[in-house]
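I opened this entry to look up two things in the model, namely how some of its charged side chains meet and how a few of its strands pair.

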Amino acid sequence: MNIDFVFSWAENEQGKMVHVDNVPRGIQCGCKCPYCHERLLARHGEVRQHGFAHHSDTRGANLKICYVVTMYKLAEQIIQSAKRIHAPSYYGIFPEMDIEFVDVRIDSCFERADKQPDVIATTKEGQQYLIEFLFQYKIQHKTAIDYKNMNCLEIDLSNQSLETLESFLLSSSKDRKWMNNVTYFSQVGSLYNKAGKPVRVVDESECRQCELGCSYHCAGVPVYSLTGINQYLVIEESGHKYRLCKSELFQNYQQEYERIKSENERKERIKEKERLEAEERKRRKKS
């Protein structure tokens, strides 16, 4: 985070984040820093003098941490107030889109020892989403959240300021990724099949053990890297990696494999028969 710390937002006496334009000037603003809890002054002046300032000259709090926690609390409030988030594409299969919620629960605890997410949001269909905020140099949770078998979106706020945060959360797809999305994952196979591109969603370990030896041919939907080298789509979900096995190719390989296997077995039977016949001839000659 390489920005000037312009504190345009602060926490009021009710625990809500408020903009400096909407509060009285000076100490009468009744606001505090959400991290160090020091009283703030509201300054209404030019751009660099327009914002909240810590009241004490002997303040010991780190301004960078104060700014990050202010941004963290504001991010929670923005999602809770708007009841939506702009979500990124899911591996290019599902497009980026707004997800709307009917209920948004926030925790408002920046540094914690347990594993609660920052935001728990629920859609009208009853689907629950965990939203986690990340900062480049700061990890809020001492213990990683177990997001397996749940929908979890991670959003990196490191490149944002208090003034850009709302637009970033509600309109941008940058600096965010799906850590898990069981809702989308469960629909991948049927989506491809409906489009006339039959696939099987298979665990990558199954591909490695495939007797056909064609895991990088039949079990691959291609994606194109920036280097121009063809790669194959790998979906990470609930701690596993998956590939999309092209069913038609798999069946063709399987049929060819069975044909070759059957032909090899036939040849082995012929060799064994010839070996036994040769031994029988030798035995007769000796007798």
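I began by fixing the term: a salt bridge is a side-chain nitrogen of Lys or Arg within 4 Å of a carboxyl oxygen of Asp or Glu. I noted that this is a predicted model, in which local features need pLDDT of at least 70 and side-chain atom pairs count only at pLDDT 80 or more, while totals for chains, interfaces and linings use all residues. Residues are numbered from 1 along each chain as its sequence is written, and side-chain values use heavy atoms, with hydrogens and water left out.

**Salt bridges**

How many salt bridges does the rule give? I obtained a count of seven.

I looked up E279 and R275, whose side chains form a salt bridge with an N to O distance of 2.6 Å. The two residues are four apart in helix α6 (residues 247-286), and therefore about one helical turn separates them; for helices I took DSSP runs of H or I of at least four residues, and for strands runs of E of at least two, numbered from the N terminus. E279 has a relative accessible area of 42% and is partly exposed, and R275, at 38%, is partly exposed (buried means under 20% relative accessible area, exposed over 50%, partly exposed in between, with a 1.4 Å probe and protein chains only). I also recorded that E272, R275 and E279 are linked in a network of salt bridges.

I then turned to E11 and K73, which form a salt bridge with the closest N and O atoms 3.4 Å apart. Because E11 lies in strand β1 (residues 9-11) and K73 in helix α1 (residues 63-82), the pair ties together parts that are 62 residues apart in sequence. Are these two residues buried or exposed? I found both E11 and K73 buried.

A further salt bridge joins R105 and D103 at 3.9 Å, N to O. Here R105 is partly exposed at 45% relative accessibility, and D103 is partly exposed at 34%.

**Strand pairing**

For strands I used the rule that two of them pair if DSSP finds at least two bridges between them. Strand β12 (residues 199-203) runs antiparallel to strand β16 (residues 240-246), with five bridges joining them; I noted L244 in β16 as the bridge partner of V201.

Strand β15 (residues 235-237) also pairs with β16 in the antiparallel sense, over three bridges, and the partner of E237 in β16 is H240. I entered β15 and β16 as a hairpin with two residues between them, where S238 in the turn has a positive phi of about 50°.
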